[in-house]
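Me: I have a model open and would like to know what stands behind the terms used to describe it. Could you take me through them?

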Amino acid sequence: MKLDAKIPEGPLQEKWSRYKATCRLVSPNNKKKLDIIVVGAGLAGSSAAASLAEMGYRVKSFCFQDSPRRAHSVAAQGGVNASKNYHNDGDSAFRMFYDTLKGGDFRAREANVYRLAECSANLIDQAVAQGVPFAREYGGYLANRSFGGVQVSRTFYARGQTGQQLLLGAYSALSRQVAEGNVQLFSRHEMLGLVVIDGKARGIIARNLDTGAIERHAAHTVVLATGGYGKIYYLSTLAMGCNGSAIWRAHKKGAGFAAASWTQIHPTCLPQSGAYQSKLTLMSESLRNDGRIWVPKKANDPRPPGEIPEEERDYYLERRYPAFGNLAPRDIASRAAKERIDAGFGVGAQRNAVYLDFAHAIREYGIETIRERYGNLFRMYEKITGHNAYERPMMISPAAHFSMGGLWVDYELMTTIPGLFAIGECNFSDHGANRLGANSLLQACVDGYFILPYTIGNYLAGELGTGKISPEAPEFETAEREVRDQLGRLLTIQGNRTATDYHKELGALLYDKCGVLRTREGLRQAIDDIRALRADFWQNLKVPGGAEQVNSELEKAGRVADYLELAEVMCYDALTREESCGAHFREEHQTADGEAQRRDDQFQFVSVWAYAGPEEEPELHREGLVFETIQPSVRSYK
């Protein structure tokens, strides 16, 4: 597998400008001759499809939801980052670049991260032009707040609904292109196979989820914008339908999979209340601006929070990380919470949570100010838990949330398969080993609106002589047969366990062995256990119904089958990285005071995995990380 990042020459601040000035272009009269498939219609997919169609390309957009408005981008709450420096607090594109690189524990490319920061300001202008109702100050200026891992205010927000409002902006742009006839929208369609012809991505095999029909769709290039695979843990903040199947099927066709074990555990989620739950609820990181996190100093303290005096409370983030306090990065905050919970200081009926307390903020600012900032989040909390967070602290707990890992892409966002692009959370490119809060919406928008429209044109300029891609090519027939064979195999097992049953067991196994904390022994055991569980899956799975109809159980079964393969790669990735960095915390590699211990001399690279075949160990490749502008340092928030 060849890994060429294609990073432009020149000073860091000029790389993207030079690329845009020198990349190949496609003339307007030729764009209408080129077909593009965009899989996924969340923030990254909708923004990309709308932008490419506006430019004149012929676009097909696919999503498994009944509408792009139901994509999981709507669940992002707290905000989107941009280096506008409205507060005059020292922010800049360079500072944002440094914060992001440091937040990811220096495990990302400098050039990609700087481009993300550089393009961030344009996104806010784009969103405002679309009518996104960002919060504003009394005088009419756009408001900002802080998020974890930074010491400036650069997060723009629409109360606790920022993802939803940004998605509505992208959806309106997409809807316009659909109405103009420039985009064909295929809702309720799931990609089940990638078609590669002569080494290039040329189309997909999709299943109509309403009829069960298997369809072939051909194009000159394919863009994956299918989000992350955090639902592999079963209990996560992701929607039930979120999955990693599209990128996994692409991986099995030759796309490298990078940093598979770099998964983010979010520190502020509602704790699990029982075995009946199928997902967990995110509580925005923005709450940590005003909420203070604490546990009782006495282990297994039975008293309600209101009866525990101030001197008997341990504000452990403020104690351990005084420079950042409650706004420490997510990986650090999650590990600190788990450490307190495991040590017996957890609160709640199951002792699996910590307190997030707004009493101090309410006394300082008044209840109306807190209601104005977080009112919808407080209402959601009360609706789910029955508790009023204005009167007593919230209870929160870490939960699986985001995937920093994903398909390997170069500077142009193209995978190791020519013609296959991956944008947004489904690629690995910007966040390193830990994503800073409010950078997810940023990456999705920047990739779709500002980066892909340039880089995809650079590729398609060389495809003008290809002619129309035929879905009758032998490679389409082979890919369709592979899809049909797997569906038939899933249906004919007729065992006695559901796909959900296997998913729950896999999720619990992964969270225990490849979650917040990892060990060499635990990861080796996890690989053996995953293989055994996968073998049992293919012997005892029960899928009712048939393939030629609506069949949600068949959809789940296909996704869990992919998770059972992806999980093994995650564990290999964590096992072979003998260091701690960001969200990847190996207990064998920590400092005397329990912080992550990087080993730059041996592991200053991104692990990229190649598919070696069924039941074979994945092949490890390495992309070395070169730091020309900033030298990696010990990541400290104290």
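Reply: Gladly; below, each term is set against its cut-off. Please keep in mind that this is a predicted model.

Me: What makes Arg216 and Glu480 a salt bridge?

Reply: The term asks for a side-chain nitrogen of Lys or Arg within 4 Å of a carboxyl oxygen of Asp or Glu. The side chains of Arg216 and Glu480 meet at 2.5 Å, N to O, so the pair is within the 4 Å limit and qualifies.

Me: How many salt bridges are counted between domain 1 and domain 3?

Reply: The count between these two domains is 6.

Me: Where do the domains run along the chain?

Reply: The domain assignment gives domain 1 as 32–264 + 402–463, domain 2 as 269–398 and domain 3 as 474–596. Between the C-alpha centres of domain 1 and domain 3 there are 24 Å. Their contact draws 48 residues from domain 1 and 47 residues from domain 3.

Me: What area is buried between domain 1 and domain 3, and which residues of domain 1 supply the most?

Reply: About 3,800 Å² is buried there, and carbon and sulfur atoms give 58% of that area. On the domain 1 side, Ile232, Tyr233 and Trp248 supply 19% of what this domain buries against domain 3, more than any other three residues.

Me: How do you know that the largest nonpolar core lies between two domains?

Reply: Domain 1 and domain 3 both give residues to this core, so it lies between them. The core has 155 residues, and Leu224 and Leu510 touch the most other members. Helix α16 (residues 552–576) gives the most to it, with 14 residues.

Me: Which residues does Leu510 touch?

Reply: Leaving aside residues up to four places away in sequence, Leu510 touches Ile232, Tyr233, Gly515, Ile530, Ala567, Met570 and Cys571. There is also a second, separate core of 38 residues, with Ile332, Ala336, Tyr374 and Tyr390 among them.

Me: Why is strand β6 called largely enclosed?

Reply: A residue is buried when its relative accessible area is under 20%. In β6 (residues 189–197), 8 of the 9 residues are buried, so the rest of the structure largely encloses this strand.

Me: What makes β6 and β7 a pair?

Reply: Pairing needs at least two bridges. β6 and β7 (residues 200–208) have 8, in the antiparallel sense, so they count as paired. Met191 stands opposite Ala206 in β7. The two strands form a hairpin with 2 residues between them, and Asp198 in the turn has a positive phi of about 50°.

Conventions
Residues numbered from 1 in each chain as written. Predicted model: local features only at pLDDT ≥ 70, side-chain atom pairs only at ≥ 80, totals over all residues. Heavy atoms only, no water. Buried < 20%, exposed > 50% of the residue type's maximum accessible area, 1.4 Å probe, protein only. Helix = DSSP H or I, 4+ residues; strand = E, 2+ residues; numbered from the N terminus. Core = buried A, V, L, I, M, F, W, Y, C linked by side-chain atoms within 4.5 Å. Domains from an automatic or database assignment. Contact = heavy atoms within 4.5 Å. Buried area = accessible area lost by both parts, 1.4 Å probe.
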